Structures are given as structure tokens and as C-alpha cells.
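This report describes a single protein chain from the residue level up to its cores and pockets. The sequence and structure are shown first.

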Amino acid sequence: MAKTNPFIETRFFGRERELEQIASCITVEGICTVIGPRGIGKTALVSRIGGIVADCALHFDARTLLHTLAKELVRVRSVEGPLHFWHVNARISPTEIQPLANASVSDLAKELVEVANQGEVPFPIVLDEFQDLEDAEDCFELLSVLFNRGNGAQLVLTTSSEKAFDAFCEKMKKAFKTVSEELEFDCGAKIELQRITVEEWRSFISRLFRESGKRCENALVNQMYQNTRGHTATMLALAQRLWDITDHVSDDNLLKEAFKSVVKDARSSLESMWLGLAFNEKRLLAALGADPTNKPQGRAWLSKHRFSSSSLARSMDGLKDKGLIYCDPDKYFRPVNPLMEEIFGS
């Protein structure tokens, strides 16, 4: 029996079709944008680009990319070794960097592109939550380099807010035209990431339990999917907890215990996200958690939760832009993280 929980380091499963789409997109167009709500698996997906699409990938959190370039003034000197997922942000630095005095963001961006183009096959530069660069200092200078299709850079972008991302792209197109008619800002083709199917989940979870010397029956695996509404990050957390408390065969009682534990952890991690919300956004998120609806603008729902049409619309847009709510296949508006329904519903 495996002594190490097989779900601890597991962040990716399925998504082979999406990987093929990304590979085709950046090969033909040089740029691809992956869109989907928080926790659906965007970062896990693009982490697989290294070693699949190319030998490796430079992966940046867009929220800290400019901070890293401008404040740390680093230059990537080489890319060596079996690097498949090289994540660079304010806390994690590349292994071989040297200070670069008197460098502009543009100079540093050119260094990144140069490194990415080394070797016979270029490898992609990944920017997570790309729309967060919108208000960053020196943003245009950086993007002018990265989006210059003539330099051969391959870009993979991710975003949790399609609306915010589209608005950002429009803003950058106007900025590029102001500088030069020859410059064209292109966000490339979009791939909208959907929740994985219950069949993919069942195949994946059953295999890992079986290979580790434990068993989880299909009915229980299906229940895990229902409990988490197919939300990848939550499902993996639940699977990890269930595996930990299972000696040989999982059962309903163990699943309930694992789910309770995951909900408890979610309560404690909710605080930091909660602090960043406006008052009415908090009210709306709690209301949708306790009472998901397909008619949020209906008089009955508005009255029940004491919203006006205008305040509801503003709060709805705010939560959508933050990637915290979505409309499910049945057209019900819900929190993206299904554990919020457990928290607020109770």
C-alpha cells in the first residue's frame, strides 16, 4: 500500500483535448488565451505545457511579473536541466539570474523573449491572470515587446474574468494604434475551460485509489463529484482528505467525515478573500451560497434578500469580474467554490 497520498502533488488530470488546442493555437498564431473561473484548473493546465508543447515554459504570475522585473531587475541567464514548470514571482526566483543595472522593463522583456527563443524549438511564456497587468506601471512597454509577433515569442495567457480581459484587450488595441499604425495588439484565440466530466473524474480517482492499494467504489466517486459540483480544486482536496482517512475501502461515513473537514478548512481560508469584497458583494455572495437562483432579478428573490435591481447588478458584475460566481448549466447563479454553499447554507 502506498504510504504517500497520491493526491498531494496531483493538480492535473484529463484536459488532453485542451492541451492539443493550446499546442495548435500557439504553433499557428503564437498566442493563446485560456479562460475559466478560479479553481477550475487553468494554472494546472498551463503547467503541463512545458514538456508537452515544448521542452519547458517560463511561467509568470501576471500580478507580480512587473514587480519582479522592475524591482528585482533580474535577467534570465540560461535555461538548463529538466525544467517543465518554471514559475517566477516575487517569492520564487529563477535559478540563474544576475542583477542588470540601468535596465528598462522593455530591456528585461527582450531578455525573456530571447531566452524563450533559444534552441531549435521556442517555448512559451505563460502569464497567469493576464488582465491583472491592466493597471500595472510600465505595462505598455512590456506588452509591446511580448506582443510583437515579429520576435517569435509564444504566449499563453490565463484569466478568470472574460469581461475584464476583453475590456483590457480593447484598451491595449487603442494604445497600440496611438503609438503606431503598424503595431497590432492581438490576444489570440480563446479556449474556454469547462468543468471536467464525471466520467473523467471517476476514471482518474478510481485509478489512483486502486494503484495506491485502496478502493473507492464508483457510487462514492460520483457522490464526490456531486458534493463539489465538478470544481477541480475542491474535488482534489476532498479526494486527498478521503484517502488519508481510508484504511482499505472508502464508504459513505468516511466521505461525510472528509467533506466536513474540507468545509472546515474552507471556512478559515474564506477570511482573506472576504476582506477584499465590497459590502453588497459580501451580501450577494452569501445570498447565492444559501439560495442559488435562476432569477436573481426576480421580485421575489430581490425582496427576500433585500436588494434593489441596481445594487444587485453592480454586485453581480463585481463578483463575476473577481471570478467568484458563475451560471451553471441549469442557469442558476452560484458561488464558483461549491463549499460556499455549505458554509452559507448552514
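## A buried glycine

Gly 230 has a relative accessibility of 0% and therefore counts as buried, the limit for that class being under 20%. The model in which this value was computed is a predicted one. Gly 230 is placed in the loop that links α8 and α9.

Residues up to four places away in sequence aside, Gly 230 touches Arg 195, Ile 196, Tyr 225 and Met 235. Gln 194 is 36 residues from Gly 230 along the chain, and the C-alpha atoms of the two are separated by 9.6 Å.

## Overall composition

The chain has 346 residues, of which 49% count as buried. Its secondary structure consists of 14 helices and ten strands. When contacts between residues at least 6 apart in sequence are considered, 72% of them join residues at least 24 apart.

## Strand β7 and its partners

Strand β7 spans residues 155-159, and five of its five residues are buried. Both faces of the strand are covered: Leu 155, Leu 157 and Thr 159 lie on one side, Val 156 and Thr 158 lie on the other, and all are buried.

Two parallel pairings involve this strand. Strand β1, residues 31-35, is joined to β7 by five bridges, and Ile 31 has Leu 155 as its bridge partner in β7. Strand β6, residues 125-128, pairs with β7 in the parallel sense over three bridges. Within that second pairing, Val 126 has Val 156 as its bridge partner.

## Salt bridges

Side chains of opposite charge can pair when their charged atoms come close. The structure holds 13 salt bridges. Glu 18 takes part in a salt bridge with Arg 15, at an N to O distance of 3.9 Å. Glu 18 also forms a salt bridge with Arg 17, where the closest N and O atoms are 3.6 Å apart. Glu 18 itself is buried, with a relative accessible area of 9%, and Arg 15 is buried as well, at 6%. Arg 17, in contrast, counts as exposed because its relative accessibility is 53%, and the exposed class begins over 50%.

A further salt bridge brings together the side chains of Lys 190 and Glu 162, with an N to O distance of 3.7 Å. Lys 190 belongs to strand β8 (residues 189-192) and Glu 162 to helix α6 (residues 162-179), so this pair ties together parts that are 28 residues apart in sequence. Both ends are partly exposed: Lys 190 has a relative accessibility of 41%, and Glu 162 has a relative accessible area of 35%. Elsewhere, Arg 229, Asp 328, Arg 334 and Glu 341 are joined into one network by salt bridges that share partners.

## Nonpolar cores

The largest nonpolar core comprises 29 residues, and those with the most contacts inside it are Phe 7, Trp 201, Ile 205, Met 224 and Leu 242. Two or more residues of this core come from each of α7 (198-211), α8 (218-228), α9 (232-245), α10 (252-275) and α14 (339-345). Among these elements α10 gives the most, with seven residues. The surroundings of Leu 242 can be listed in detail: neighbours within four places in sequence aside, Leu 242 is in contact with Phe 209, Cys 216, Met 224, Ser 250, Leu 254, Leu 255 and Ala 258.

Another core, of 26 residues, lies apart from the largest one and includes Ala 116, Leu 143, Leu 157 and Met 172. Leu 157 is also one of the buried residues of β7.

## The second largest pocket

The second largest pocket has a volume of about 800 Å³. It is lined by 27 residues, and the closest to its centre are Pro 37, Arg 195, Tyr 326, Cys 327 and Asp 328. Of these, Arg 195 is also touched by the buried Gly 230, and Asp 328 is also a member of the salt-bridge network with Arg 229, Arg 334 and Glu 341.

At least two lining residues are supplied by each of α6, α8, α13 (309-321) and β9 (325-327). The most come from β9, which gives three residues to the lining.

Technical notes: Residues numbered from 1 in each chain as written. Predicted model: local features only at pLDDT ≥ 70, side-chain atom pairs only at ≥ 80, totals over all residues. Heavy atoms only, no water. Buried < 20%, exposed > 50% of the residue type's maximum accessible area, 1.4 Å probe, protein only. Helix = DSSP H or I, 4+ residues; strand = E, 2+ residues; numbered from the N terminus. Pairing = 2+ DSSP bridges. Salt bridge = Lys/Arg side-chain N within 4 Å of Asp/Glu carboxyl O. Core = buried A, V, L, I, M, F, W, Y, C linked by side-chain atoms within 4.5 Å. Contact = heavy atoms within 4.5 Å. 1 Å grid on protein atoms, 1.4 Å probe; cavity = no way out; pocket = protein on both sides within 12 Å on 5 of 7 lines; lining within 4 Å. Points joined across faces, edges and corners; volume = space filled by probe spheres on them.
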